[in-house]
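Please find below my notes on this model, set out as numbered points. They begin with one residue and its surroundings and then widen to the chain as a whole.

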Amino acid sequence: MKERTSRTKPIGLLAPVLVGVLFVFGCAGDAGQASSAADPPLIDSEPIALGELQYTLNCASCHGESGRGDGPVAEALTTPPSNLRMLRADNGGVFPTEAVVSFIDGREEIRAHGTRQMPVWGNIWGEVGGQPVPEEEVQRRISELVEYLRSIQE
């Protein structure tokens, strides 16, 4: 009978790389934290692709993978998440860019929206490890997310 030898995969070597990738994408520590302004630029800097990544990491748990408000956390919320694919249709065929930016940023209270269960991404992305992140970085992330949302409109 032939003896089987166990082959180990170099998973231990991949762990530091995975941790580094998660940190660059804002996943280290609290979900949704901003990456440091000192992080190297990402190879794929297309705004929609980066916005989709941010959406997947920060928004899909409530709004769902497709953006229809059917994420796994949606049922636990007192206010159902919006169907983000209908933003243009719900606004007379015009994508409401300024309103979406303001709502994602969240640092300015919008009374018409009532209570806010959604995280205030402007604050979350505005600090890493107790250190402020430049406002340009925060606005870039918001802009990328908005461009992704614009791209998924029905």
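1. Arginine 107 counts as partly exposed, with a relative accessibility of 35%. The model is a predicted one, and the values discussed in these points should be read in that light. As for its place in the fold, arginine 107 sits in the loop between α4 and α5.

2. Two acidic side chains deserve attention around this arginine. The side chain of arginine 107 makes a polar contact of 2.7 Å with that of aspartate 105, and a polar contact of 2.7 Å also joins the side chains of arginine 107 and glutamate 135. When neighbours within four places in sequence are set aside, arginine 107 is in contact with Val120, Gly122, Asn123, Glu135, Val138 and Gln139, so that Glu135 appears both in this list and as a polar partner of the arginine side chain. On the backbone side, the C-alpha atoms of arginine 107 and proline 119 are separated by 9.9 Å, the two residues being 12 apart along the chain.

3. Aspartate 105, the partner in the first of these polar contacts, belongs to helix α4. Is aspartate 105 buried or exposed? With a relative accessibility of 11%, aspartate 105 counts as buried, because the cut-off for that class is under 20%. Beyond its neighbours within four places in sequence, aspartate 105 is in contact with Val120, Trp121, Gly122, Asn123, Gln139 and Ile142. Val120, Gly122, Asn123 and Gln139 figure among the contacts of aspartate 105 and also among those of arginine 107.

4. The helix that holds aspartate 105 can be described by its buried residues. In helix α4, which spans residues 97-105, these are Val100, Ile104 and Asp105. They cover an arc of only 125° around the axis, which puts them on the same side of α4. The buried residues of α4 pack against α5 (121-124) and against α6. Glycine 106, with a positive phi near 75°, follows the helix.

5. Glutamate 144 offers a second case of an acidic residue that is buried, here with a relative accessible area of 6%. Glutamate 144 is found in helix α6, and its side chain is joined to that of glutamine 54 by a polar contact of 2.8 Å. Which residues does glutamate 144 contact once neighbours within four places in sequence are left aside? They are Pro47, Leu50, Gly51 and Gln54, so Gln54 is both listed here and engaged in the polar contact with the glutamate side chain.

6. The aromatic residues also link distant parts of the sequence. How many aromatic pairs does a search of the whole structure find? It finds two. Tyrosine 55 and tyrosine 148 form an aromatic pair with 5.4 Å from centre to centre and 45° between the planes, and the pair is tilted; the angle falls in that class because stacked planes would be under 30 degrees apart and edge-to-face planes over 60. Since tyrosine 55 lies in helix α2 (residues 47-58) and tyrosine 148 in helix α6 (residues 135-151), the pair ties together parts that are 93 residues apart in sequence. Both tyrosine 55 and tyrosine 148 are buried.

7. On the cysteines, the structure holds zero disulfides. Cysteine 59 is in no disulfide, and the nearest cysteine sulfur, that of cysteine 62, is 8.5 Å away, a separation to be set against the 2.5 Å within which a pair of sulfur atoms would count as a disulfide. Cysteine 62 is likewise in no disulfide, its nearest cysteine sulfur being that of cysteine 59. As to accessibility, cysteine 59 counts as buried at 10%, whereas cysteine 62 counts as partly exposed at 21%.

8. For the chain as a whole, the protein has six helices and two strands, and read along the sequence they follow the pattern α-α-α-α-α-β-β-α. Buried residues make up 30% of the 154 residues in the chain. Of the contacts with a separation of 6 or more, 49% are accounted for by residues 24 or more positions apart. The accessible surface of the protein chain comes to about 10,200 Å², and 57% of that surface belongs to carbon and sulfur atoms.

Note on methods
Residues numbered from 1 in each chain as written. Predicted model: local features only at pLDDT ≥ 70, side-chain atom pairs only at ≥ 80, totals over all residues. Heavy atoms only, no water. Phe/Tyr/Trp six-rings, centres within 6.5 Å; stacked < 30°, edge-to-face > 60°. Helix = DSSP H or I, 4+ residues; strand = E, 2+ residues; numbered from the N terminus. Buried < 20%, exposed > 50% of the residue type's maximum accessible area, 1.4 Å probe, protein only. Polar contact = N/O pair within 3.5 Å; in protein donor to acceptor, adjacent residues only side chain to side chain. Contact = heavy atoms within 4.5 Å. Areas by Shrake-Rupley, 256 points an atom, 1.4 Å probe, with all protein chains shown as cover. Arc of directions from axis to C-beta.
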